Amino acid sequence: MLTLKEFITHDKGTYVSAILSDTSKHELGKFVVDNVKNADHVDPNTYHTTIIYSRSPVPSAEKYSGKINQHGKIVGYELFDTKDGSKCLVAKVDFPYGTQLNELLMKSGATSDYDSYRPHITLCYPYTGSSDIESIPVPNIDIVYDMIDVQPLDEDYTPPSK
């Protein structure tokens, strides 16, 4: 049974993310600098993949917090709309562990503002580069995730630029 403190901590919702290893952050950050021009690059130290952004509290997600050793693969890019009306460039990631954990948390009461889960890593925010994102090469980098982070939802979060 969850304590009142756990519910209060997550009173505005729950945010769960998978954090890239330092090596993956470094390799992907270098790739982005070398291949994505005329854009505000997100600080590689903040690279992560969101598992759940739930406006409903899911304090039971705390049990998944901690070290992991899971892998993903970048499979392409997409431009997402942002809260302020601009665009951000994301790398779409094939991340089976993240997809499974998302499904588990949804069954545990998490909610989503989106119809489906699309694992990704935000690379540029805001993105003002070419809309021809298909011309950006897809890196052959083994994306290693080494941590699951669980936090109370911060609705005002924006990724810091480098």
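This is a short talk on the sheet, one helix and the nonpolar core of this structure.

The model is predicted: local features need pLDDT of at least 70, side-chain atom pairs count only at pLDDT 80 or more, and totals for chains, interfaces and linings use all residues. Residues are numbered from 1 along each chain as its sequence is written, and side-chain values use heavy atoms, without hydrogens and water.

Sheet first. 6 strands (DSSP E runs of at least two residues, numbered from the N terminus) make an open sheet, ordered E2-E1-E6-E3-E4-E5. Pairing, which takes at least two DSSP bridges between two strands, is antiparallel. E2 (48-54) and E5 (120-124) are the edges; each has a single partner strand, so one side of each lacks a neighbour in the sheet. Neighbouring strands are turned by 40° against each other on average, direction ignored.

Look at E3 (residues 66-81) and E6 (residues 142-152). 6 bridges join them. Gln70 sits opposite Tyr145 in E6.

Now helix H3, residues 96-107. Helices are DSSP H or I runs of at least four residues. H3 lies across E1, E2, E3, E4 and E6, at about 10° to E2. Angles run from 0 to 180 degrees between N-to-C directions of axes fitted to C-alpha atoms, for helices over the stretch in contact (heavy atoms within 4.5 Å).

Which residues have the most contacts inside the largest nonpolar core? Leu28, Leu89, Leu105, Ile121, Leu123 and Tyr145, in a core of 39 residues. Such a core joins buried (under 20% relative accessible area, 1.4 Å probe, protein chains only) Ala, Val, Leu, Ile, Met, Phe, Trp, Tyr and Cys through side-chain atoms within 4.5 Å. E4 gives the largest share, 5 residues.

Definitions and conventions
Buried means under 20% relative accessible area, exposed over 50%, partly exposed in between (1.4 Å probe, protein chains only).
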